[in-house]
Amino acid sequence: MSKPRIGIVISTTREGRFGDKPAAWIRDLAAARGDLDVEIVDLRDYPMPFFDEPGSPIYAPPQNEVARRWGRKVDELDGFIIVTAEYNRGQPAVLKNALDYAYREFNRKPVAFVGYGGVGGARAVEQLRLIGVELQMAPTRSGVHIGGADFIGMLMHGKTFADMPHLEPTAAAMLDELSWWARALKAAREETALQAA
């Protein structure tokens, strides 16, 4: 079986965002393991309008061409790491919109989270785990939460992830879980596809 393909989704699109830093950090940690094929998936590359389709993607593919392109990208991946900010105790609107534009393409795939902000994005991640379940995904228990002094240090005081080695064990635990689930669910999806053929 080929290595699972994991998309690292940057959940904000605003200028000056922080998300590029944790996305690059978790990409490098994941790539160094050798058991995952990782790529960054930037929502800036998928400028979808607010969801205004005639029906849910549960029942019909979206009509918007950018949303269709987004769906194709999601479909080719075997799992996800969502790097998310926390906006007003929830996930960024552009991320929720992207999740709403696909359904089948997310089914039976694992999702892990790297959150950042005042409380490490914990409230956004909590909501995203529920959304993941509705999309028939398998959210990992472990996640990375970059909050408090770590977040402010990197955002405002020139610190880098090299100054935060205490985050790496949590990231390793999350990646271990993601790798296991990605391989298990990829094998199960492939077996189901063979049986249906």
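This short talk walks through the core, the aromatic rings, the salt bridges and a few surface spots of one structure. Hello everyone, and please keep in mind that this is a predicted model.

Let's start on the inside. In soluble globular proteins, nonpolar side chains tend to be buried together. Here the largest nonpolar core has 28 residues. Those with the most contacts inside that core are Ile26, Ile81, Val83, Val114, Ile146, Met174 and Leu175. Where do the core residues come from? At least two each are supplied by β1 (5–10), α1 (20–33), β3, β4 (110–117), β6 (144–147), α5 (148–156) and α6 (168–196). Helix α6 gives the most, with five residues.

If you'd like one residue to look at, try Leu175. Leaving aside residues up to four places away in sequence, Leu175 touches Ile26, Leu29, Ala30, Arg33, Leu36 and Ile81. There is also a second, separate core of 25 residues, and Leu99, Tyr101, Tyr103 and Leu135 are among them.

Now for the aromatic rings. A pair of aromatic rings is described by the distance of the centres and the angle of the planes. The count here comes to nine aromatic pairs. Take Trp25 and Phe161: their ring centres are 4.4 Å apart and their planes sit at 10°, so this pair is stacked. Trp25 is in helix α1, while Phe161 is in the loop between α5 and α6, so to get from one to the other along the chain you cover 136 residues. Are these two buried or exposed? Trp25 is buried, with a relative accessible area of 9%, and Phe161 is buried with a value of 9%. Elsewhere, ring pairs link Tyr46, Trp70, Phe80 and Phe106 into a cluster.

On to charges. Side chains of opposite charge can pair when their charged atoms come close. This structure holds 17 salt bridges, and I'll show you three. One joins sequence neighbours: Asp28 with Arg27, with the closest N and O atoms 3.1 Å apart. Asp28 is partly exposed at 44% relative accessible area, and Arg27 is partly exposed at 30%.

Another joins Asp176 and Arg33, at 2.8 Å from N to O. This one links distant parts of the chain, with Asp176 in helix α6 and Arg33 in helix α1, 143 residues apart. Asp176 counts as partly exposed, at 44% relative accessibility, and Arg33 is partly exposed too, at 31%. You may remember Arg33 from earlier, as one of the residues that Leu175 touches.

The third is between Arg123 and Glu86, at 2.5 Å from N to O. Arg123 belongs to helix α4 (residues 122–134), and Glu86 to the loop between β3 and α3, 37 residues apart. Arg123 is partly exposed at 28% relative accessibility, whereas Glu86 counts as buried because its 17% falls under the 20% limit. Besides these pairs, Arg5, Glu39, Lys73 and Glu76 are linked in a network of salt bridges.

Let's finish outside. Which residues form a nonpolar patch on the surface? They are Ile152, Leu155 and Met156, with about 280 Å² of accessible area together. Met156, in helix α5, is exposed, with a relative accessible area of 58%.

Finally, back to the loop between β3 (79–84) and α3 (93–100), where we find Asn88. Asn88 has a positive phi of about 50° although it is not a glycine, and it is exposed at 80% relative accessible area. Arg89 lies in the loop between β3 and α3, has a positive phi near 70°, and is exposed at 56%. Thanks for listening!

Terms used:
Residues numbered from 1 in each chain as written. Heavy atoms only, no water. Helix = DSSP H or I, 4+ residues; strand = E, 2+ residues; numbered from the N terminus. Buried < 20%, exposed > 50% of the residue type's maximum accessible area, 1.4 Å probe, protein only. Core = buried A, V, L, I, M, F, W, Y, C linked by side-chain atoms within 4.5 Å. Contact = heavy atoms within 4.5 Å. Phe/Tyr/Trp six-rings, centres within 6.5 Å; stacked < 30°, edge-to-face > 60°. Patch = residues over 30% accessible without salt bridge, like charges linked within 9 Å, V, L, I, M, F, W, Y side chains within 5 Å. Areas by Shrake-Rupley, 256 points an atom, 1.4 Å probe, with all protein chains shown as cover. Salt bridge = Lys/Arg side-chain N within 4 Å of Asp/Glu carboxyl O.
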